[in-house]
Amino acid sequence: MLLEIKNLYANVEGKEILRGINLTVNKGEIHAIMGPNGSGKSTLANVLAGHSSFEVTKGEVFYNGKNLLELSPEDRAREGIFLAFQYPVELPGVSNTNLLKTAVNEIRKYRGEEQMDAVDFLQMIKQKMKLVELDDSLLRRSVNEGFSGGEKKRNEIFQMAVLEPTLAILDETDSGLDIDALRVVANGVTKLKSAENATIVVTHYQRLLNYIVPDFVHVLSKGRIVKSGGKELAVELEEKGYDWIKEKVVA
Amino acid sequence: MSDILEFKNTLISGFAALEKSLNGQSKKAFHSVRKEALTKFEHADFPNIKNEEWRHTNISPILKHTFNPLSDASLLSSADVQKFVFGDAFKYVMVFINGKFHPELSTLDNLPEGLIVKSIAAANEENNTVVEKHLGKYALSDGQIFTALSTAYTFDGAFINVKAGKVIEDSVHILFITDSRNEKLITQPRNLFVAEKNSHASVLEHYVSLQDDVYFTNAVTEVVVEENAFFDHVKLQEESKKAFHISRMEINQKRSSNFTSHAVSLGGIISRNDVNSKFNEDGGECTLNGLFMIEGSQLSDTHTLIDHAKPHCNSHEHYKGILDDSSRGVFNGKVIVRQDAQKTNAFQQNNNILLSTDAVINTKPQLEIFADDVKCSHGATIGQLDEEAMFYLKTRGIGDDIGRGMLLHAFASDVVKSIKLQPVRDYIETILSRKFNQ
Ligand SMILES: Nc1ncnc2c1ncn2[C@@H]1O[C@H](COP(=O)(O)OP(=O)(O)OP(=O)(O)O)[C@@H](O)[C@H]1O
Ligand SMILES: [Mg+2]
């Protein structure tokens with residue numbers, strides 16, 4: 001078991017958003033989380049990444065057997081968790097290269113590995129860039145500053161490719177992408193997939209799931225997973241919307 | 001009160017001694033300007049916080065010291081000087097020690113035709129007409145105690161004159177070193193830069209000290225940028241952390257001229273910088289950028305004034321501050337757009353980061369707009385580091401210390417990266433890297 005979420009409750013600004021999440025993710029799996037706006041998808045992603053605005057009030061999360069909630073956000077990243085943000089922040093003045101070099105070396109330091117030298121780093125970067133069909137010039141530019149929506153999302157996937165996480169959480173990485181960018185993002189995810197890692201994709205659209213085929217689809221509503229199924233659930237959701245599930249829950 | 005009297009008396013009696021040492025120069029026409037300025041100094045008020053222009057900047061600590069205005073010659077070797085120059089990145093270097101020009105330590109060989117670099121004293125000696133025409137004409141002494149003092153004591157100082165049509169690729173490094181090891185000094189660098197029509201030049205004004213001593217720098221710089229000339233100015237203030245630094249720069253711009261200034265202020269227990277630029281004719285372009293980084297109980301105050309007196313001029317102003325510990329910062333950015341000055345563009349930004357809850361910044365834009373067809377904007381921010389940015393870095397495995405350093409470095413670099421003098425830019429980048437531990 002890579003990730004085990006047990007009866008997780010979380011608040012933001014005193015408001016209860018997550019209300020008893022249970023989810024198990026094994027290595028090699030892809031999970032899709034869908035659900036209406038405001039249902040708590042990003043909140044779940046942020047809680048897993050360790051955002052301090054979200055207060056866990058109940059429940060437990062184990063990652064690789066460790067109590068995840070006790071780890072600082074940076075240690076979670078160093079342990080192999082990666083969050084691709086729904087709205088990536090801009091970091092004026094911090095170049096993409098600088099960000100990634102620092103990140104790679106901080107992660108290596110934590111793991112007791114040697115620092116990567118500049119030549120190896122550059123080579124690795126070049127290779128990963130091809131994977132997401134990213135333009136060279138974006139490397140020298142400030143992280144996400146002045147990037148188009150699509151470029152930002154691609155940049156998140158590029159960072160993921162560089163950091164090679166064990167658990168990647170992609171929060172609506174497909175939203176707002178044109179079909180070409182979507183294909184690039186999906187290819188990136190698919191190519192990085194292995195028996196040793198797992199991915200959680202948060203999405204509104206079945207479209208992405210044509211490319212990234214999930215093993216499980218979960219529906220989040222009002223802070224709870226109200227339905228889980230295989231990839232066919234996504235198709236059903238796209239056709240019928242979420243109302244039929246909500247009704248079922250009430251009933 | 002008696003402190004002020006004593007402060008004045010020391011400088012007034014110092015003036016008598018200066019006069020004696022001037023020899024022939026006291027018979028030149030400029031000497032009457034000195035004497036007149038001394039009278040103005042005598043009658044000017046010493047600024048206090050009741051004065052709106054000095055509201056947040058209490059400079060009375062200056063009065064607790066007695067500063068000698070006439071230091072004995074300091075004997076520094078070229079090795080002492082070497083650590084302040086940027087290798088041989090600058091082809092021309094003017095070295096001043098305690099306000100006195102030292103040709104033997106300077107590098108002014110093979111000046112190109114059309115570039116005049118000499119001390120004001122030397123220029124006065126030969127009755128230089130450009131100096132006669134401009135010196136003291138823009139930084140007026142009335143009611144300005146420190147300018148009056150500077151003018152009264154005008155002797156050495158840097159005079160740079162680029163003749164019409166000359167494009168000077170190499171920059172001049174003007175280095176003011178204070179050696180205050182023996183006694184507390186007041187040094188008064190007085191500079192005049194005149195870029196004539198269609199000329200192009202760049203200058204670094206650099207303030208350093210030999211040690212972390214108490215002293216007082218009172219600097220006045222006048223800049224004239226004539227028609228279609230381009231003048232690029234960098235001021236790097238690395239005074240002792242115990243020093244007082246009061247400076248004033250007056251920029252006078254003619255038609256279609258372009259003036260750029262970057263002021264990087266790091267030193268001084270109290271520093272006050274007045275930068276005033278005036279568009280006297282149409283079509284000028286003025287950029288005033290600055291960065292101050294202070295800590296401990298340092299106080300850094302910048303007052304800028306851009307006077308859009310004529311139409312079709314553009315001004316861009318961006319100042320940034322990083323304040324740690326219980327340091328205090330002041331930014332006052334005044335922009336006047338006069339009735340005639342249609343089609344003015346004036347943009348001003350001031351962004352500050354407070355690294356400690358004890359640090360304080362007072363920032364105030366002051367826009368006075370009397371024309372209607374203008375584009376003006378201003379913005380000021382005061383804040384801590386962006387929490388969301390910090391979180392983003394953390395999710396990439398970058399912890400608090402390094403993340404903070406990266407963001408602060410980026411914040412500061414923003415101003416530094418537009419410095420055109422590469423050796424200076426690199427040098428400041430090194431300071432930033434060291435400070436923000438990357
Ligand atoms: N920082 C915050 N402060 C206050 N409320 C918040 C904050 N973040 C989220 N919320 C609230 O929590 C609820 C869940 O938000 P969340 O972003 O997790 O939803 P989501 O499922 O990701 O929605 P979407 O599909 O629109 O991205 C919403 O009501 C939202 O307004
Ligand atoms: Mg969301």
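**A chat about the magnesium site, helix 1 and Asn218(B)**

Author: Hi! Keep in mind that we have a predicted model here. In it, the magnesium ion (ligand 2) has two protein donors, Ser42(A) through OG and Gln86(A) through OE1, and they lie 2.0 to 2.2 Å from the ion.

Reader: Nice. Where in chain A do Ser42(A) and Gln86(A) sit?

Author: Distant parts of the chain are linked by this pair. Ser42(A) belongs to helix 1 of chain A, while Gln86(A) is in the loop between strand 6 (81-84) and strand 7 (91-95), and 44 residues separate the two.

Reader: And Gln86(A), does that count as buried or exposed?

Author: Buried, because its relative accessibility is 16% and the cut-off for buried is under 20%.

Reader: Back to helix 1 of chain A, then. How many of its residues are buried?

Author: Eight of the nine, so the helix, residues 41-49, is mostly covered. The buried ones are Lys41(A), Thr43(A), Leu44(A), Ala45(A), Asn46(A), Val47(A), Leu48(A) and Ala49(A).

Reader: What happens just after helix 1 of chain A?

Author: Gly50(A) comes there, with a positive phi of about 95°.

Reader: OK, the sheet. What's the strand order in the open sheet of chain A?

Author: The four strands run in the order 2-1-4-5, with antiparallel pairing. Strand 2 (15-25) and strand 5 (66-67) of chain A are the edges, each pairing on one side only.

Reader: Which strands does helix 1 of chain A touch?

Author: Helix 1 of chain A packs on the sheet and touches strand 1 (3-12), strand 2 and strand 4. The direction of the helix makes about 110° with that of strand 1 of chain A.

Reader: How many bridges hold strand 4 and strand 5 of chain A together?

Author: Two, in the antiparallel sense, with strand 4 covering residues 54-63. Across from Asn67(A) in strand 5 of chain A you'll find Phe62(A).

Reader: Switching to chain B: where is Asn218(B)?

Author: Asn218(B) is in strand 9 of chain B, residues 216-225. This asparagine counts as buried because its relative accessibility is 1%.

Reader: What does the side chain of Asn218(B) reach?

Author: One partner is the backbone oxygen of Phe146(B), at 2.9 Å. The side chain of Asn218(B) also makes a polar contact of 2.7 Å with the side chain of Gln188(B).

Reader: Which residues is Asn218(B) in contact with, leaving aside neighbours within four places in sequence?

Author: Besides Phe146(B) and Gln188(B), the contacts of Asn218(B) include Leu149(B), Ser150(B), Ile186(B), Thr187(B), Pro189(B) and Ile246(B).

Definitions and conventions. Residues are numbered from 1 along each chain as its sequence is written. Chains are lettered from A and ligands numbered from 1 in the order in which they are written. This is a predicted model: local features need pLDDT of at least 70, side-chain atom pairs count only at pLDDT 80 or more; totals for chains, interfaces and linings use all residues. Side-chain values use heavy atoms; hydrogens and water are left out. Buried means under 20% relative accessible area, exposed over 50%, partly exposed in between (1.4 Å probe, protein chains only). Donors are N, O and S atoms within 2.8 Å of the metal (3.2 Å for Na, K and Ca); water is not among the atoms, so sites may look incomplete. Two strands pair if DSSP finds at least two bridges between them. Contact means heavy atoms within 4.5 Å. Axes are lines fitted to C-alpha atoms, for helices over the stretch in contact, and angles run from 0 to 180 degrees between N-to-C directions. A polar contact is a pair of N or O atoms within 3.5 Å; within protein, one must be able to donate a hydrogen and the other to accept it, and residues adjacent in sequence count only if both atoms are side-chain atoms.
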